[in-house]
Amino acid sequence: MQDKILDGRSWFRLWCILFVSLYGCAQDGDPSRAENEVLKKQVAKQESLLSSLQDGNRVMQQQIDLLNQELRDAKDIKEELEKELAETKQMIGSQVSESLKVEDKGAQSDILPRPLELVVKVAEEALTRNGYRPKVSVKTDHRAIYVTERKVSNPPTLEVTGSRNQYLVSLEALPDSQTKLSVKAEFERVAQGGRVLNVSPEETVEIEQRLIREISKALASPAKT
């Protein structure tokens, strides 16, 4: 009987020891579960932030693609307008050239051994130097035409004091880098009181040749070679 009582006490002690051990293990596990929950929340937060960043990048890329498309469209429109402008300018130049062919009949002309681009530059300088402002100016790849404003000449100019003149200057590109220069003058003499005097054809020819000689002389200078 005594042995049985001792055995019951032993089992009771064993059960207490086991209960304390299990309770202690359960208590030790609580911090681990709490830490796992914190880590899960941090991971979820980071995943949400990453998803937001990806959405933002997609929206930004869409805006960049849209802007690039608008730039391409604007470039295409600009190129088309420039093409139309060049074609219109060439058409107008051709029409003006055709309309002035009759006007420059009887003009003095010369063939200059210089390319059109250079002769155009020198002719413009000569007109400006002598006080002639262009009233009409048309330039294409093969032709340039100037109609100057009419002016009264004062020394030093191509004409004598008391004259009034207007130029039609035509330049045309020729093969072998040559240029045909034609000059027609509407030359008049003005008396006191504004009365216009008649001039001879020879006087008008002389005025036309003066401009041709001035342009030729400028082209022959070392700076233009």
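## Helix H2 and its surroundings

The buried residues of helix H2 (buried meaning under 20% relative accessible area with a 1.4 Å probe, protein chains only) are covered by elements that include strands S1 (108-112), S2 (134-139), S3 (143-148), S6 (167-174) and S7 (178-185), together with helix H3 (201-220). These buried positions are Leu116, Val119, Val120, Val122, Ala123, Ala126 and Leu127.

H2 itself runs over residues 116-129, and its 14 residues reach 20 Å from first to last C-alpha, close to the 20 Å expected at 1.5 Å a residue. Just after H2, Gly131 adopts a positive phi of about 80 degrees.

## Basis and confidence of the model

This is a predicted model, in which local features need pLDDT (the predictor's confidence in each residue, from 0 to 100) of at least 70 and side-chain atom pairs count only at 80 or more, whereas totals for chains, interfaces and linings use all residues. Residues are numbered from 1 along each chain as its sequence is written, and side-chain values use heavy atoms, with hydrogens and water left out.

The chain has a mean pLDDT of 79, with 76% of its residues reaching 70 or more. Over residues 25-29, however, the pLDDT is below 50, and this stretch has one contact (heavy atoms within 4.5 Å) beyond near neighbours in sequence. Where pLDDT is low, the predicted coordinates should not be read in detail.

## Glu208 in helix H3

Glu208, which lies in helix H3, touches Gly106, Ala107, Gln108, Val183, Lys184 and Ala185, leaving aside residues up to four places away in sequence. A polar atom of the Glu208 side chain lies 2.8 Å from the backbone nitrogen of Ala185.

Technical notes:
Helices (H or I, at least four residues) and strands (E, at least two) are DSSP runs, numbered from the N terminus. The expected span of a helix is 1.5 Å times one less than its number of residues. Buried means under 20% relative accessible area, exposed over 50%, partly exposed in between (1.4 Å probe, protein chains only). A polar contact is a pair of N or O atoms within 3.5 Å; within protein, one must be able to donate a hydrogen and the other to accept it, and residues adjacent in sequence count only if both atoms are side-chain atoms.
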